[in-house]
Amino acid sequence: PRGAAAAMAPVIDVNLGGCYSVKNHPLSGVTLLQWARLLRARWTQIDLLTYWPRLLFLTLMAALNTIGAIADWILYDAKIRAQELNDEPVFVLGHPRTGTTHLHNLLSKDSRFAYANTYQVGFPSSFLSTSWLAPYMGLIMDSTRPMDNMALAWDTPQEDDEVAVNQLSSGASPYAPLLFMRREPEFRKFYDFDDCDADDFARWRDSFAYFLKKIQFAAGGAHRRLLLKSPVHTARVKLLREMFPKGTFIFVHRHPYEVFKSAVTMADRYYWQCYLQKPRVEDVQEFILYQGALLHRKYTEDVRGVPEARKMEVSFEEVTENTVTALSQVYKALGWGKDFARFKPVVEAYSQSLRDFKMNEHKELGEDARAVVRERWKAWFDDLGYTR
């Protein structure tokens, strides 16, 4: 069901955080117009007395970003709107915490692909004219991701749209609950848009298309295929195929228990840095559980219609433990096999650079939490053959 279910008793424990942190906020690149639209729609839902420092910071950033956005509009808007998109994008799919970032990073090393970097995603309205500021992002961004210690820099590959589009569309995104977690059910329509009205869908679609054109323009034109990674795209395969009939889909999966543990860690270490209203633990828990069930259901429904030559599934373990072999199989399955010999040394070098990287150790799940995961993510266990 799409409506809000009765909040179940929490089986997790996450930090709900304080109000003074301003680093790593997903609205750091918002403009005054985008910020005003969001505030007008959600003003009464913001806990002003708690989060006023964050609101002040975002308002200051919006004023600065607007200057860059005006420059981008004057200098580049006509060229961006005229930019053709490569009609064969590659979408990396999978629930958050399944290894999509690792696979995206690997594929981004192939020069055939164009991708959005952290600065472009974080400052979608102004990144062309303010690129000289990108090296200073460390002032408002950590050097590693809060949830898993992966390197984070202005030029690292980043999710293509759900940070950028969340800003460009003033909250027409399933990532908006990171700001308004108590209102999470109101944003569920933005996963697949089945229950979305025409105006809201147009707001997302236009923001998404414009951002992709801007990335394509920044990459030098349509000769390079777009490499796009956003976990919420996992619920949009049908829609994305309508937009890009020649698109390719690579799905990464992982054991549901491990995903849930990692998602709880992410919520504990990062979500609190985003809030504009104080959530309850059960709100965060429901966000994780609902998202996991929906992404899996929509993916399994929609991927059946994708031609075999344009889809591939790979497990987290394959990508992390046998990286070269896994990438070779992906390239072969998608008809890129003849190019892998050229790409193989790059994969090996990148994998070697991660040899000292240590993945997070997560809190073990209690039996009550495991029971909830088994119940809510039952189809995930069954369809992908994971043991309970």
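What share of the 388 residues of the chain counts as buried? The figure is 58%. This is a predicted model, and every value below is computed from it.

Start with the fold as a whole. The chain holds 15 helices and 5 strands. Its radius of gyration is 20 Å, close to the 21 Å that the globule rule gives for 388 residues, so the chain is as compact as a globular protein of that length. Along the principal axes, the C-alpha atoms fill a box of roughly 55 × 55 × 45 Å. Contacts reach far along the sequence. Of those between residues at least 6 apart, 83% join residues at least 24 apart.

Next, the surface and the charges. The chain exposes about 16,700 Å². Carbon and sulfur atoms supply 56% of that area. There are 49 positive and 47 negative side chains. The centres of these two sets lie 3 Å apart.

Some of these charges pair up. The structure holds 31 salt bridges. One of them joins Lys378 and Asp382, with the closest N and O atoms 2.7 Å apart. Both residues sit in helix H15, which spans residues 378–384. They are 4 residues apart, so about one helical turn separates Lys378 from Asp382. Lys378 has 46% relative accessibility and therefore counts as partly exposed. Asp382, at 38%, is partly exposed too. Elsewhere, salt bridges that share partners build a network. Its members are Asp110, Arg112, Lys338, Asp339 and Arg342.

Helix H14 carries a pair of its own. Within this helix, residues 367–376, Glu367 and Arg370 lie 3 residues apart, about one turn. Their side chains meet in a salt bridge, 3.9 Å from N to O. Glu367 is partly exposed at 49% relative accessibility. Arg370 is partly exposed as well, with a relative accessible area of 26%.

Now consider Lys311 and Glu308. Their side chains form a salt bridge of 3.5 Å, N to O. Are the two partners buried or exposed? Lys311 has 17% relative accessibility, under the 20% cut-off, so Lys311 counts as buried. Glu308 has 61%, over the 50% cut-off, so Glu308 counts as exposed. This bridge therefore links a buried lysine to an exposed glutamate.

Turn to the loop between helix H5 (164–168) and helix H6 (189–192), where Ser173 is placed. Ser173 has a relative accessible area of 0%, so Ser173 is buried. Which residues does Ser173 contact, leaving aside its neighbours within four places in sequence? They are Glu162, Asn166, Phe187 and Phe190. Asn166 falls within the range of H5, and Phe190 within that of H6.

The loop between H5 and H6 also holds Ser170. Ser170 has a phi near 60°, a positive value in a residue other than glycine. With a relative accessible area of 10%, Ser170 is buried.

Asn24 also has a positive phi, of about 65°, although Asn24 is not a glycine. Where does Asn24 lie? Asn24 is in the segment before helix H1 (32–42). Its relative accessible area is 10%, which means that Asn24 is buried.

Technical notes:
Residues numbered from 1 in each chain as written. Predicted model: local features only at pLDDT ≥ 70, side-chain atom pairs only at ≥ 80, totals over all residues. Heavy atoms only, no water. Helix = DSSP H or I, 4+ residues; strand = E, 2+ residues; numbered from the N terminus. Rg over C-alpha atoms; globule rule 2.2 N^0.38 Å. Buried < 20%, exposed > 50% of the residue type's maximum accessible area, 1.4 Å probe, protein only. Contact = heavy atoms within 4.5 Å. Areas by Shrake-Rupley, 256 points an atom, 1.4 Å probe, with all protein chains shown as cover. Lys, Arg positive; Asp, Glu negative; His and termini not counted. Charge placed at Lys NZ, Arg CZ, Asp CG, Glu CD. Salt bridge = Lys/Arg side-chain N within 4 Å of Asp/Glu carboxyl O.
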